[in-house]
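Thank you all for coming; I would like to walk through one model this morning, beginning with the ligand and then moving outward. Please have the viewer open while I talk.

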Amino acid sequence: MMTFSRTWIEVDLQAIAANATAIKAHTGTCLITVIKADAYGHGAVRVALALHEIADMFAVATVEEGIELRKAGIHKPILILLSPLPELAEALVAHQLTPAIDNWQLAQRLVGAISRTRLPVHVDINTGMNRGGVHWTEAKAFLEKLKTLKQLEIGGIFTHFATADEVDKSYAYLQLERFSAVLDKRALPVTTTVHAANSAATLTIPEARFDAVRPGLSLYGIYPSAEKPIPLQPALTWKTRIGWVGWLEAGEGVSYGLTYRAPRRTRVAALQVGYGDGYPRALSNPPTVGRGPVIRHAPKPTTTVEPGPIPRQTPKPTTTVGRGPVPHQTPKPTTTVETGTATRHAPKPMSTVERGPVPHQTPKPTTTVGRGPVPRHAPIGGEVLIAGKRRPIAGRICMDVTVVQLEPSDNVSVGDEAVLIGKQGDAELGIDEIATRAGTISYHILTQISNRVERNYKPSHKS
Ligand SMILES: Cc1ncc(COP(=O)(O)O)c(C=O)c1O
């Protein structure tokens, strides 16, 4: 894969196809592959083409996403997971898209839009996610009413789990019980496809498999929880290039706010990637969390007081403008400067010269997988791979640039590759670790990768 881009992702379509095949073999059911949000950032059209022989149905969130697939020549059934607004009925019919349905207004509007063949719909049952769907206690009545509309065919019925990725599966089993109570064979046509399982349930709750499973995240080789019953291959690598290499004198700052100070004479490299590309600003180092006002001169080390640990309680919001620290993360002051200056909060001591290199202060993250609870610690700063080694981010991530701290011996120059997510040599930075370091989840990291980032595919030809 040759590229001359400043930043790009490499998507291994064979890995995605292998994951889909492994999932299908694991469940022995039909497979509805979830490729919404541009296939979780991997590129919906290319992923759909790669999965065409394996998937029984594709699922996206919106009508626009469905139309994009139809225009690209995808002929398989396409389910729109989010019950579309009624005014989109004509577009649904025109493009032969299969809507999730949870309200009567959409049903009536669809009937008005259909002129010849019946349109299959999948009835969304709310069993406890409580963000859409027909409430399970009202489902039978809704199904009966829907059956009176001859233009519509109940092609499917489904629900969605709120906690299948958690260790405690009791709520998922309660949802399953509610869903099963709705599945009265007499109330449903025999051809109706019953489905419920997202990746977590697909992998770990056999009772949730029914006729089809509906995984998203796992297709891309990412586990939704710590349970890993089948091997999956990560499919995405995110790379960038070094655009500048320089030296900092001890105590010199880097990037907006000068929040990082060189611990000694330090070599740094600027990568041509930033939050404008979707690289999370929360990976800045030190993180923009409660560090108080920035001191723009080399500090006198003894005049400031070490701030205590970041308090857990919700802080009072302080309005922030421009590129200042993230307000909701700013903790209440716990320490004040003894010397009685105008500063109300204890500034972070800027004596990084004495405190040793930044990477040694970076705590190791306890990696969060899937949608697991976002770690309660503050973001802890990111690392990238350069020449097969982990190197820490230095200072605030900018819109187009991210600076990293090198070791003096690093043999790097302008144009060299750096890896943001994935492998380089023997080193690896997994997406779960990146998400944890940024205080978020893998789904979020993937879907933030912007259009500025070129997508390269392996194999490169369209299958
Ligand atoms: C209704 C529905 N089904 C299935 C999925 C796939 O979930 P996952 O990516 O966790 O497999 C999603 C994703 O959020 C969804 O909204």
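Let me fix one term before anything else: a residue is near a molecule or strand when its C-beta atom, placed from the backbone, lies within 6 Å of it. What surrounds the ligand? The shell consists of Val34, Leu81, His160, Asn198, Ser199, Arg214, Pro215, Gly216, Leu217, Ser218 and Pro224. For the chemistry of that shell, Ala, Val, Leu, Ile, Met, Phe, Trp, Tyr, Cys and Pro are counted as nonpolar, Asp, Glu, Lys and Arg as charged, and the others, Gly among them, as polar. On that scheme the shell divides into five nonpolar residues, five polar ones and one charged one.

I should say early how the model is to be read. It is a predicted model, in which local features require a pLDDT of at least 70 and side-chain atom pairs count only at pLDDT 80 or more, whereas totals for chains, interfaces and linings use all residues. Residues are numbered from 1 along each chain, as its sequence is written.

As for confidence, pLDDT is the predictor's own confidence in each residue, on a scale from 0 to 100. The protein chain averages 86, and 79% of the residues score at least 70. When I name helices (H or I, at least four residues) and strands (E, at least two), I mean DSSP runs, numbered from the N terminus; the protein chain has 12 helices and 20 strands. Confidence is highest in strand β2, residues 30-34, with a mean of 99, and lowest in helix α10, residues 352-355, with a mean of 34.

Two stretches call for caution. Over residues 289-315 the pLDDT stays under 50, and the model has 59 contacts there beyond four places in sequence, a contact being two residues whose C-beta atoms, placed from the backbone, lie within 7 Å. Over residues 327-362 the pLDDT again stays under 50, with 80 such contacts. Where pLDDT is low, the predicted coordinates should not be read in detail.

For the chain as a whole, I call a residue buried if 20 or more other C-beta atoms lie within 10 Å of its own, exposed if 12 or fewer do, and partly exposed in between, with C-beta atoms placed from the backbone. Of the 463 residues of the protein chain, 46% count as buried. Among the contacts with a separation of 6 or more, 67% are between residues 24 or more positions apart.

Let us return to β2, where four of the five residues are buried. Which strands does β2 run parallel to? Two strands pair if DSSP finds at least two bridges between them, and β2 is joined by two bridges to strand β10, residues 212-213, in parallel, and by three bridges to strand β3, residues 57-60, also in parallel. Leucine 31 has valine 213 of β10 as its bridge partner, while isoleucine 32 stands opposite methionine 57 in β3.

Next comes helix α2, residues 36-40, which holds aspartate 38. Aspartate 38 has a positive phi of about 55° although it is not a glycine, and it is buried, with 20 other C-beta atoms within 10 Å. Alanine 39, also found in α2, has a positive phi of about 50° without being a glycine, and is buried with 28 other C-beta atoms within 10 Å.

Alanine 39 also takes us to helix α3: valine 47 touches Ile16, Ile35, Ala39 and His42, leaving aside residues up to four places away in sequence. Why does valine 47, which lies in α3, count as buried? Because it has 27 other C-beta atoms within 10 Å. The C-alpha atoms of valine 47 and leucine 13 are separated by 6.7 Å, although the two are 34 residues apart along the chain. In α3, residues 44-51, six of the eight residues are buried, including Arg46 and Leu51.

A second buried position is leucine 110 in helix α6, residues 104-113, with 23 other C-beta atoms within 10 Å. Leucine 110 touches Ala89, Leu92, Val93, Leu119 and Leu152, not counting residues up to four places away in sequence.

I will finish with a backbone detail for anyone preparing this model: the peptide bond from lysine 458 to proline 459 is cis, with omega near -5°, and proline 459 lies in the segment after β20, residues 454-458.
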